[in-house]
Amino acid sequence: MTHEPHLEKITPANLDAALGIRVRPDQEHRVAPVVKSLAEAYVHPDVAWPRLIVDGDRPVGFLMAFFGIDWKGDGSRDDVRSGLWRLNIADGEQGRGYGRFAVEAVAAEIRHRGGTRFTTTWHPGPTGPAAFYLRLGFRPTGETSGTDEVGEMELAAP
């Protein structure tokens, strides 16, 4: 990292920069492109929190968090969760701390909103990002979401 990274809300001014974020070619099958995330954010505005990750004035990644979703999706709301929905660190920018920064930023936002549990998912397999998430403190729950593994981290109270 060359500057302090920060998050920016997606606006007309930075939309093209967000859409230009591309992961490494060998990772494209593991994470949806930013355009899909923004479409999902559009149709789920009450829970989606898309943000551009910027270092100085250089876009280096994209994240989308979710807040207060009914995890079971059955309307019971007896398992409401918040966490990281999508993380795209640009090709050439990985290994510079931006992924850790993104996870820490989402954790801070969950705490700010009163949450103490952080949920995320990852593509399984030996070349997937499981090791990254496990190093940050996530633990597998034994659940799956589609074909992805589910992990959680307990957060200290705000």
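These notebook entries record what I looked up around one arginine, the aromatic pairs and one charge over a ring. The model I examined is a predicted one.

**Entry 1: Arg86**

I located Arg86 in strand β4, which spans residues 80–89. I then checked its exposure: the relative accessible area is 11%, so Arg86 counts as buried because the cut-off is under 20%. Next I looked up which side chains make polar contacts with Arg86. The side chain of Ser37 does so at 2.7 Å, and that of Glu40 at 2.8 Å. Leaving aside residues up to four places away in sequence, I listed the residues that Arg86 touches: Val31, Ala32, Ser37, Glu40, Phe62, Leu63 and Met64.

**Entry 2: Aromatic pairs**

I asked how many aromatic pairs the structure holds, and found 6. One of them joins Phe118 and Phe138 in an edge-to-face arrangement, with 4.9 Å from centre to centre and 90° between the planes. I placed Phe118 in strand β5 (residues 117–122) and Phe138 in the loop between α4 (130–135) and β6 (139–145); the pair therefore ties together parts that are 20 residues apart in sequence. I also looked up the exposure of both partners. Phe118 is buried, with a relative accessibility of 0%, and Phe138 is buried with a relative accessible area of 0%.

I noted further that Phe118 and Phe138 belong to one aromatic cluster, together with Trp122, Phe132 and Tyr133.

**Entry 3: A charge over a ring**

Finally, I examined Arg113 and Phe67. I found the charged end of Arg113 over the ring of Phe67, at 3.8 Å from the ring centre.

Note on methods:
Residues numbered from 1 in each chain as written. Predicted model: local features only at pLDDT ≥ 70, side-chain atom pairs only at ≥ 80, totals over all residues. Heavy atoms only, no water. Helix = DSSP H or I, 4+ residues; strand = E, 2+ residues; numbered from the N terminus. Buried < 20%, exposed > 50% of the residue type's maximum accessible area, 1.4 Å probe, protein only. Polar contact = N/O pair within 3.5 Å; in protein donor to acceptor, adjacent residues only side chain to side chain. Contact = heavy atoms within 4.5 Å. Phe/Tyr/Trp six-rings, centres within 6.5 Å; stacked < 30°, edge-to-face > 60°. Lys NZ or Arg CZ within 6 Å of the ring centre and 35° of its normal.
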